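Hi everyone, thanks for coming along. I'd like to take a few minutes to walk you through the model on the screen, so have a look at it first.

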Number of protein chains: 2
Amino acid sequence: MDDKNISQAVIGRLPRYLRYLGELKDSNVERVSSQELSELMNVTASQIRQDFNNFGGFGQQGYGYKVNFLYDEIAKILGINKTHHLIIVGAGNLGQALANYMNFERRGFHFTGIFDSNEALTGKKIRDMYVQPMSNLENFVKENAIDIAVLTIPKTSAVKVAEQLVGYGVKAFWNFAHVDLNVPDDIVVENVHLSDSLMKLSYNITRKEQENE
Amino acid sequence: MDDKNISQAVIGRLPRYLRYLGELKDSNVERVSSQELSELMNVTASQIRQDFNNFGGFGQQGYGYKVNFLYDEIAKILGINKTHHLIIVGAGNLGQALANYMNFERRGFHFTGIFDSNEALTGKKIRDMYVQPMSNLENFVKENAIDIAVLTIPKTSAVKVAEQLVGYGVKAFWNFAHVDLNVPDDIVVENVHLSDSLMKLSYNITRKEQENE
DNA sequence: GTATCTTTGTTATTTTCATAACACTTTAAT
DNA sequence: ATTAAAGTGTTATGAAAATAACAAAGATAC
């Protein structure tokens, strides 16, 4: 498994492969060819083989891929096995929803705390956890070796809070705030800009409408 | 504004341009060059000029771009001015959060209804709206000319519900269900697969960790 | 066991996307 | 007015990504 430098385009496709492989697994399918998978997923077989080969090739010529093995390998690449400690910063609508909705534990993320600057929320029970005030943040992050922060706070405070969290030792952000974080290069940021996504939808609707004229 | 065939790569960058231009606007900046914008946004000036030129070019040589004008043009391209009618299907954690959190109205989306198959939720007040049972769906969509459905239901029901909604006249989906919808080509789908995003984060953390060894 | 078929891994080609280069236009300075 | 500087639109080049092609490996059938 040589990890030279895989493009984010490839990485972005891995979770989808994993999803389909999981379904095959659940249906007790033992083997699958790139051809079959390509028809199922609506991508080219060539791309599938290229993608897998970035990591060394998981198949057997003349046979195909063993579903279980392939699934496990991709899961490993994605780091699903590794354990990380995660907090949610911002216990508003979205923060609460993610706390309840995402199954962090099942994905190897230990969800250990949720914080909000609005002290009216302090102590509110969410899932099996109590909202903490921001004044607890520094100690909590340091003591619990938190490496991931989910940012569900307004953009006005996101940049500053992210900088603070980096200072406390956080290594990665799942950023829902609608702003670009200002963090060092060795910090990982995955942005989820929902309003950007909605605008793309808007564009594509408009385009389709124009096409049908 | 000739609309030959703009790549989704370009479209995907437009919302970010819009965001930065909005900030410049708010700071009463009147003009901006591709060079300045490139430094601000951390992209190449060349890419900015190329992107804008897909739509005909909005600047003046030797001067740059007028911030207000450019902002409005990009907003127009993204179809922010158009009005659409939108419902949320699935009033669970995520559905409720989006109802409260997204400012649909400000983006030209008329949010007109929210539905859930769990009848215990029927009548629950969310924002200024009451959760409706799925049995209302068909009539509501047809009578209110709903063109967008936000899907925040489990993947087990998403595919079927989407097919039904297409039958009722829905033209676009903002899909949060972790599954690929099966809809005709003329239907627009924008997927937000949060767990995929989380896996990408996971991968990149693992990668950074390995680099630092 | 041999021959045929399947299907991968990998190399070659094509297409798409990003960057660089530059001619031409406008602005600004003297 | 003339010249220099700034900065776009656009063309040319380079890089990256996707697809196609194919040889080698293994599976299957007889």
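**The sheets, the chain contact and the DNA**

Let's start inside chain A, where six strands line up as an open sheet, in the order β7-β4-β3-β8-β9-β10, with parallel pairing. At the edges sit β7 (132–133) and β10 (188–191) of chain A, and each of these pairs on one side only. Before I go further, please keep in mind that this is a predicted model.

If you want to follow one pairing in chain A by eye, try β8 and β9. Strand β8 (residues 148–151) of chain A runs parallel to strand β9 (residues 172–175) of chain A, and four bridges connect them. For a single pair of residues to click on, take A:Val150, whose bridge partner in β9(A) is A:Trp174.

Now over to chain B. Here too there is an open sheet of six strands, ordered β7-β4-β3-β8-β9-β10 and paired in parallel. Why is one side of β7 (132–133) and of β10 in chain B left without a neighbour in the sheet? These two strands of chain B stand at the edges and each has a single partner strand, so there is nothing in the sheet on the other side. The partner strand of interest for β10(B) is β9(B): the two run parallel and are joined by four bridges. One of the residue pairs to look for is B:Ala172 with B:Val188, its bridge partner in β10(B).

Next, how do the two chains meet? Chain A and chain B each bring 59 residues to the contact. Together they bury about 5,700 Å², and 61% of that is on carbon and sulfur atoms. Which three residues supply more of chain B's buried area against chain A than any other three? They are B:Arg19, B:Leu198 and B:Tyr203, with 12% of the area that chain B buries there.

For those of you who like polar interactions, there is something here as well. Six salt bridges are counted between chain B and chain A. One to zoom in on is the salt bridge between the side chains of A:Glu190 and B:Lys200, at 3.6 Å from N to O. Across this interface, 20 residue pairs are in polar contact, with both residues at pLDDT 80 or more.

Which parts of chain B touch chain A? At least two residues each come from α1 (8–26), α4 (67–78), α5 (93–101), β9 (172–175), β10 (188–191) and α8 (194–211) of chain B. The largest share belongs to α8(B), with 17 residues. Sorted by class, this side of chain B has 30 nonpolar, 15 polar and 14 charged residues.

Let's move on to the DNA, beginning with strand C. There are 25 residues around DNA strand C, and A:Ser34, A:Gln61, B:Ser46, B:Gln50 and B:Gln61 come nearest. Among the strand C atoms within 4 Å of the protein, 60% are sugar or phosphate, and the rest belong to bases.

So which side chains from chain A reach base oxygens of strand C? A polar side-chain atom of A:Arg49 is 3.0 Å from one. For A:Gln50, a side-chain N or O atom lies 2.8 Å from a base oxygen of strand C, and for A:Gln61 the distance to a base oxygen is 2.5 Å.

The helices to watch here are α3 (45–53) of chain A and α3 (45–53) of chain B, which each give at least two residues to the surface near strand C. It is α3(B) that provides the largest share, four residues. By class, this surface has three nonpolar, 18 polar and four charged residues.

Finally, DNA strand D. Of the 27 residues around it, A:Ser46, A:Gln50, A:Gln61, B:Ser34 and B:Gln61 come nearest. Sugar and phosphate make up 59% of the strand D atoms within 4 Å of the protein.

A:Gln50 turns up again, with a side-chain N or O atom 2.5 Å from a base oxygen of strand D. From chain B, the side chain of B:Ser34 has an N or O atom 2.6 Å from a phosphate oxygen of strand D, while a polar side-chain atom of B:Gln61 sits 2.6 Å from a base oxygen. Two or more residues of the surface near strand D come from α3 of chain A and from α3 of chain B. For strand D, the largest share is from α3(A), with four residues. The classes on this surface are four nonpolar, 18 polar and five charged residues.

Thanks for listening!

Note on methods: Residues are numbered from 1 along each chain as its sequence is written. Chains are lettered from A and ligands numbered from 1 in the order in which they are written. This is a predicted model: local features need pLDDT of at least 70, side-chain atom pairs count only at pLDDT 80 or more; totals for chains, interfaces and linings use all residues. Side-chain values use heavy atoms; hydrogens and water are left out. Contact means heavy atoms within 4.5 Å. Buried area is the accessible area (1.4 Å probe) that two parts lose on being put together, summed over both. A salt bridge is a side-chain nitrogen of Lys or Arg within 4 Å of a carboxyl oxygen of Asp or Glu. A polar contact is a pair of N or O atoms within 3.5 Å; within protein, one must be able to donate a hydrogen and the other to accept it, and residues adjacent in sequence count only if both atoms are side-chain atoms. Ala, Val, Leu, Ile, Met, Phe, Trp, Tyr, Cys and Pro count as nonpolar, Asp, Glu, Lys and Arg as charged, and the others, Gly among them, as polar. A residue is near a molecule or strand if one of its heavy atoms lies within 4 Å of it. Two strands pair if DSSP finds at least two bridges between them.
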